[in-house]
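Here are some exercises to work through with the model open beside you. Try each task before you read its solution.

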Amino acid sequence: MSVIWKYLDKRSAAVDALKDYDSMAFIIANTSNEIKNTRDDMGSIRSPQFDGMPRTHNPQAGEERILKNIEEIDILQERYRQAVEYMEWFKPAWEELSSEERYVLETFYRDEGGQTGAVYEICSQLNVERSTAYNRKNRALAKLAVLLYGK
């Protein structure tokens, strides 16, 4: 075990990982369409713009556009690879949590309502007091951190 793990704030790292879940799922769901659109753009012909601005002739403009799109596809593929790697790491830990623990963490960290609204929502949904809602959140977050990073 590396000494670095001793000094890692596992709790805030788990919160950050939890907050990244939606964006990683979005990347996995939409990257293939983005790559397809970029590939379609590579072969398309640009129409002239009649906006009155003078233009200069660039004989390599088509080649430059193709290179730019190839670079963009490489970036999209790397982003997709990282998202898949994230999901392979995060999902098993997330699925180990109980449905109540997942609900509490989603309400606190993935919903945009803010923590005060999340507390009231959890209190009404689970029929508990505010202190109990915070305690359940803290226990669920600690469990997620242990599942993701170990003790």
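The exercises below concern a predicted model, and each one is followed by a worked solution.

**Exercise 1. The overall make-up**

Task: Work out how many helices and strands the protein has, and what share of its residues is buried.

Solution. Start with the secondary structure: there are six helices and zero strands. Following the chain from its start, you read the pattern α-α-α-α-α-α. Next comes burial: of the 151 residues, 28% are buried. Now turn to the surface, where the protein exposes about 10400 Å², with carbon and sulfur atoms supplying 53% of that area. Finally, take the contacts with a separation of 6 or more: 74% of them join residues 24 or more positions apart.

**Exercise 2. Two helices that cross**

Task: Find how the axes of α4 and α6 are arranged, and which residues meet there.

Solution. Two packed helices are described by the angle between their axes and the distance between the axes. For α4 (residues 99-110) and α6, the axes come within 9 Å and cross at roughly 105°. Angles of 65 to 115 degrees count as roughly perpendicular, so α4 is roughly perpendicular to α6.

Now list the residues on each side. From α4 come E100, E101, V104, L105, F108 and Y109; they meet A133, Y134, R136, K137, A140, L141, K143 and L144 of α6. Sorted by type, the residues of the contact of α4 with α6 are nine nonpolar, no polar and five charged.

As a last step, look at burial within α4. E101, V104, L105, T107, F108, Y109 and R110 are buried. The buried residues of this helix, α4, pack against α2, α3, α5 and α6.

**Exercise 3. Aromatic rings**

Task: Classify the ring pairs Y21–F90 and Y86–F90 as stacked, tilted or edge-to-face.

Solution. A pair of aromatic rings is described by the distance of the centres and the angle of the planes. The structure holds eight aromatic pairs. In one of these, Y21 and F90 have 5.7 Å from centre to centre and 45° between the planes, which is tilted. Y21 sits in helix α2 (residues 10-43) and F90 in helix α3 (residues 61-96), so this pair ties together parts 69 residues apart in sequence. Both partners are buried: Y21 has a relative accessible area of 12%, and F90 has a relative accessibility of 0%.

Then take Y86 with F90. Their ring centres are 5.3 Å apart and the planes lie at 10°, so this pair is stacked. Y86 and F90 share helix α3, where they are four residues apart, about one turn of the helix. Y86 counts as buried too, at 9% relative accessibility.

To finish, place these rings in their wider setting: ring pairs link Y21, Y86, W89, F90, W94 and Y149 into a cluster.

**Exercise 4. A backbone angle in a loop**

Task: Decide whether phi of N127 is positive or negative, and whether N127 is buried or exposed.

Solution. Most residues other than glycine have a negative phi. N127 has a phi near 55°, a positive value in a residue other than glycine. To locate N127, look in the loop between α5 (115-126) and α6 (130-149). Its relative accessible area is 67%, so N127 is exposed, given that the cut-off for exposed is over 50%.

Methods. Residues numbered from 1 in each chain as written. Predicted model: local features only at pLDDT ≥ 70, side-chain atom pairs only at ≥ 80, totals over all residues. Heavy atoms only, no water. Helix = DSSP H or I, 4+ residues; strand = E, 2+ residues; numbered from the N terminus. Buried < 20%, exposed > 50% of the residue type's maximum accessible area, 1.4 Å probe, protein only. Axes fitted to C-alpha atoms, helices over the stretch in contact; angles between N-to-C directions. Parallel < 35°, antiparallel > 145°, perpendicular 65-115°, else oblique. Contact = heavy atoms within 4.5 Å. Nonpolar A, V, L, I, M, F, W, Y, C, P; charged D, E, K, R; others polar. Areas by Shrake-Rupley, 256 points an atom, 1.4 Å probe, with all protein chains shown as cover. Phe/Tyr/Trp six-rings, centres within 6.5 Å; stacked < 30°, edge-to-face > 60°.
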